[in-house]
Amino acid sequence: MAIEKITMPQLGESVTEGTISKWLVSVGDHVNKYDPLAEVMTDKVNAEVPSSFSGTIKELIAGEDDTLPVGEVICLIEVEGTVPQKEQKTSDKTVEESAPKTADSQSNKSRYSPAVMRLSQEHNINLDTLTGTGAGGRITRKDILAVIEKGGAAEVKETPASTVQPEAPAAPKTQQPAPVVSAAGDQEIPVTGVRKAIAANMLRSKHEIPHAWTMVEVDVTNLVSYRDALKTEFKQKEGFNLTYFAFFVKAVAQALKEFPQMNSMWAGDRIVQKKDINVSIAVATDDALFVPVIKQADEKTIKGIAREITELAQKVRTGSLKSEDMQGGTFTVNNTGSFGSVQSMGIINYPQAAILQVESIVKRPVIIDNMIAVRDMVNLCLSLDHRVLDGLVCGRFLARVKEILESTSKENTSVY
């Protein structure tokens with residue numbers, strides 16, 4: 001017999017950690033290669049972790065709701081097969097050290113996830129004083145939150161630096177908000193794993209990216225007339241809707257091709273200008289937000305983009321979105337106008353350099369040739385990473401998007 005490790009997979013380009021939301025197996029279960037072992041959530045996608053081997057589950061290293069970095073061991077599988085004698089001894093020793101110990105053992109207690117380390121340091125909690133509820137006595141994020149809720153953080157001593165070897169660098173300490181006290185009649189809603197992942201990614205984006213913001217208004221009267229004249233026939237012929245949003249995504253993709261600086265990412269000591277133009281679009285459910293990707297959007301027609309918007313939105317709402325649907329995005333377009341918004345400042349989808357909010361199309365009086373006219377107007381709001389982009393290139397990019405949209409008409413534009 002040999003013991004093999006299953007590790008936290010990387011479920012996206014910028015994904016560095018994942019949260020075990022649910023184990024689909026138990027210790028002692030026999031699994032085949034590619035059978036799902038656990039459901040994992042990240043800030044970008046929900047996915048199942050498949051087994052890389054056929055064998056028997058020996059130990060679940062991580063507990064449900066544990067957040068672990070990519071590459072961290074989450075479980076051990078006993079695989080049938082022979083192992084050389086020397087290797088067998090090493091494997092036996094590894095298993096012995098990894099197996100659940102008694103309450104006095106420190107083997108599993110000392111394997112702290114980054115989330116546990118971060119919370120304990122922020123709240124001055126000595127991890128050596130806690131008894132974990134995870135596999136083999138492992139201290140989980142739930143254990144730390146329970147201590148915080150009981151107000152026990154101030155009663156414990158600070159953990160000596162030599163006691164624990166963290167698995168990843170701890171986040172810098174931040175000032176904690178005052179505790180929220182529930183009053184009679186208040187409703188407490190548990191934070192789901194998806195919401196936790198979204199919160200973590202938004203916090204990371206705001207902490208690491210120096211956001212700047214700019215906006216232009218666009219006269220889309222001709223675009224609205226063109227689309228409204230086409231939409232019924234298009235739906236009957238193609239079987240899906242021709243939305244305004246498809247025109248905006250196409251215009252952005254075309255402008256990104258002309259201003260490739262906008263299609264870049266910050267990489268510490270360099271800026272990476274991406275070759276492919278992959279537009280991320282925000283799709284909301286009742287309690288979460290997902291950002292699937294339209295690949296090579298600049299090479300697609302308005303019809304092709306409209307089809308992908310429909311298909312990706314359907315996948316989100318039916319829970320069938322896959323990790324590959326979320327990967328590779330280089331620039332995000334968010335249809336905030338669908339909720340009636342007329343002006344907003346989006347948080348950049350890390351590690352991209354910009355996000356464009358497309359607001360509601362509203363009829364407004366405007367001055368044309370010194371005369372008042374009622375026109376269909378829309379605001380385009382751009383948030384940008386000021387490490388990568390400056391106002392000049394962003395202004396030119398928005399001006400080009402505006403030009404494309406304002407010239408969209410039956411005479412100038414084909415949806416096919």
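In this predicted model, residues 84-109 keep a pLDDT (the predictor's confidence in each residue, from 0 to 100) under 50, and the model has 27 contacts (heavy atoms within 4.5 Å) beyond four places in sequence for them. Residues 153-171 also have a pLDDT below 50, with 30 contacts beyond near neighbours in sequence. The chain average is 83, and 82% of the residues score at least 70. Among the elements of the chain, the lowest mean pLDDT, 45, belongs to helix 1 (residues 85-98), and the highest, 98, to helix 6 (residues 244-258). Helices (H or I, at least four residues) and strands (E, at least two) are DSSP runs, numbered from the N terminus.

Local features need pLDDT of at least 70 and side-chain atom pairs count only at pLDDT 80 or more, whereas totals for chains, interfaces and linings use all residues. Residues are numbered from 1 along each chain as its sequence is written, and side-chain values use heavy atoms, with hydrogens and water left out.

Strand 16 (residues 331-334) has F331 and V333 pointing one way and T332 and N334 the other way, and all are buried (under 20% relative accessible area, 1.4 Å probe, protein chains only). Strand 16 pairs (at least two bridges found by DSSP) in the parallel sense with strand 12 (residues 279-281) over three bridges; here F331 stands opposite V279. Strand 17 (residues 354-358) also pairs with strand 16 in the parallel sense, over three bridges, and Q357 in strand 17 is the bridge partner of N334.

M215 is found in strand 9 (residues 211-219). This residue counts as partly exposed (between 20% and 50%) because its relative accessibility is 31%.
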